[in-house]
Amino acid sequence: MTDNYTLNTGAKIPKIGFGTWQIPDGEICYQATLTALKSGYRHIDTARVYGNEASVGKAIKDSGLNREEIFLTTKLPADIKVAAKVQETFETSLATLGTDYVDLYLIHAPWPWQERGADYTKENIEIWQEMEKINSSGKAKAIGVSNFNVADLSAILDNAKVVPAANQIRWFIGFTQDEVTKFSQAKGVLVEAYSPLATGQILDNEVIKAMASKYQSSVAQVAIRYCLQHGTLPLPKSTHEDYIAQNLDVDFAITEEDMAILDNLHLS
Ligand code: A2P
């Protein structure tokens with residue numbers, strides 16, 4: 001599966017990205033990212049706060065691929081809510097990744113993690129202006145948000161010159177965040193699905209297991225395929241070569257009837 005979505009910037013973004021959340025920096029992240037690139041992934045998702053930008057950057061360099069062949073995302077830490085710190089934090093990410101630019105730079109969350117739900121609307125609007133400057137410098141080819149709900153995203157849209165290209169949210173079978181998903185998509189904001197396997201928690205779901213055997217696939221493949229058929233962009237994470245390869249091998253279609261069954265599951 002090497003197809004692309006098209007961002008509202010006109011840029012292509014490979015439909016499946018390799019997620020690196022919770023992959024420890026160093027040899028494990030380096031090998032996993034290198035394996036992903038060798039298996040055909042051309043889209044890597046990291047974040048400053050994952051602490052693994054250096055390993056991701058080294059794997060990209062050592063892959064032998066040209067930088068332009070890879071779509072690379074990183075994120076402004078959620079606890080940076082002072083506009084004056086944005087440029088310097090971004091430059092630190094670039095230096096750690098060892099690259100001149102990223103393809104997508106996201107505000108990691110609307111609030112610092114320890115203040116989940118707090119109102120940082122004013123700060124996010126100011127930060128977005130800094131994101132726009134980074135975008136116009138060419139060092140982030142696209143900019144977006146993550147973990148934004150409808151109100152958070154509306155505030156940006158009402159004040160922005162540049163419409164966010166993506167909203168990366170927690171999204172998997174049974175946890176499809178319909179309100180913000182529909183709102184984002186209606187505004188031309190690509191929904192990226194992090195934890196598309198619910199960090200592993202849907203792997204032993206009996207309904208999905210039965211469906212996987214019907215499609216002669218794995219639960220992970222059904223979960224990834226489900227994202228694609230809803231127009232979201234899955235970012236599966238794995239450190240195992242066979243899983244990494246399997247998660248890209250999803251050239252089958254779930255029928256409408258089966259999609260409806262999956263739509264009716266409620267998990268969290
Ligand atoms: P591991 O990292 O040990 O390879 P998510 O993408 O939702 O965050 O889920 C990641 C979890 O799912 C990790 O524990 C990962 O295991 C596991 N995983 C990823 N791909 C597969 C797969 N194809 N089959 C089974 N488990 C998988």
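## A partly exposed loop residue and its neighbour

At 47% relative accessibility, Thr199 counts as partly exposed, because this value lies between the 20% limit for buried residues and the 50% limit for exposed ones. Thr199 belongs to the loop between β9 and α7. The backbone at Thr199 has a positive phi of about 50°, although the residue is not a glycine. The model described here is a predicted one.

Ser195 is also found in the loop between β9 (190-194) and α7 (206-214). Its phi, near 50°, is likewise a positive value in a residue other than glycine. Ser195 has a relative accessibility of 10% and therefore counts as buried. The loop thus contains a buried residue, Ser195, and a partly exposed one, Thr199.

## Overall architecture

The protein chain contains 10 helices and 10 strands. Its radius of gyration is 18 Å, close to the 18 Å that the globule rule gives for 268 residues, so the chain is as compact as a globular protein of that length. Along the principal axes, the C-alpha atoms fill a box of roughly 55 × 40 × 35 Å.

Of the 268 residues, 54% count as buried. Among contacts with a separation of 6 or more, 74% are made by residues 24 or more positions apart.

## Surface and charge

The protein chain exposes about 11,700 Å², and carbon and sulfur atoms supply 49% of this area. The chain carries 24 positive and 34 negative charges, and the mean positions of the two sets are 3 Å apart. The count of salt bridges comes to 9. Three of them, described below, are the pairs Lys75 and Asp45, Asp103 and Arg67, and Lys133 and Glu130.

## Salt bridges between separate parts of the chain

The side chains of Lys75 and Asp45 form a salt bridge with an N to O distance of 2.6 Å. Lys75 lies in strand β5 (residues 71-76) and Asp45 in strand β4 (residues 43-45), so the pair ties together parts that are 30 residues apart in sequence. Both Lys75 and Asp45 are buried.

A salt bridge also joins the side chains of Asp103 and Arg67, at 3.1 Å from N to O. Asp103 is placed in the loop between α3 (86-97) and β6 (104-107), and Arg67 in the loop between α2 (53-62) and β5, so this pair ties together parts that are 36 residues apart in sequence. Asp103 counts as buried because its relative accessibility is 11%, under the 20% limit. Arg67 is buried as well, with a relative accessible area of 14%.

## A salt bridge within helix α4

The side chains of Lys133 and Glu130 meet in a salt bridge of 2.9 Å, N to O. Both residues lie in helix α4 (residues 121-137), 3 residues apart, or about one turn of the helix. An α-helix has 3.6 residues a turn, so residues three or four places apart point the same way.

The two partners are covered to unlike degrees: Lys133 is partly exposed, with a relative accessible area of 47%, whereas Glu130 counts as buried at 13%.

## Ala83 against helix α4

Glu130 is also one of the residues touched by Ala83, together with Glu126 and Ile127, not counting residues up to four places away in sequence. Ala83 is found in the loop between β5 and α3. The C-alpha atoms of Ala83 and Glu126 are 5.9 Å apart in space, while the two residues are 43 residues apart in sequence. At 18% relative accessibility, Ala83 counts as buried, because this value is under 20%.

## Helix α2 and its cover

The buried residues of α2 are Glu53, Ser55, Val56, Gly57, Ala59 and Ile60. The elements that cover these residues include α1 (27-39), β4, β5 and α3. Two of these covering elements, β5 and β4, hold Lys75 and Asp45 respectively.

After α2 comes Gly64, which has a positive phi near 80°. The loop between α2 and β5 also contains Arg67, the partner of Asp103.

Methods: Residues are numbered from 1 along each chain as its sequence is written. This is a predicted model: local features need pLDDT of at least 70, side-chain atom pairs count only at pLDDT 80 or more; totals for chains, interfaces and linings use all residues. Side-chain values use heavy atoms; hydrogens and water are left out. Helices (H or I, at least four residues) and strands (E, at least two) are DSSP runs, numbered from the N terminus. The radius of gyration is taken over C-alpha atoms; the globule rule is 2.2 Å times the number of residues to the power 0.38. Buried means under 20% relative accessible area, exposed over 50%, partly exposed in between (1.4 Å probe, protein chains only). Contact means heavy atoms within 4.5 Å. Accessible areas come from the Shrake-Rupley method with a 1.4 Å probe; for residues, only the protein chains shown count as cover. Lys and Arg count as positive and Asp and Glu as negative; His and the chain ends are not counted. The place of a charge is taken as NZ of Lys, CZ of Arg, CG of Asp or CD of Glu. A salt bridge is a side-chain nitrogen of Lys or Arg within 4 Å of a carboxyl oxygen of Asp or Glu.
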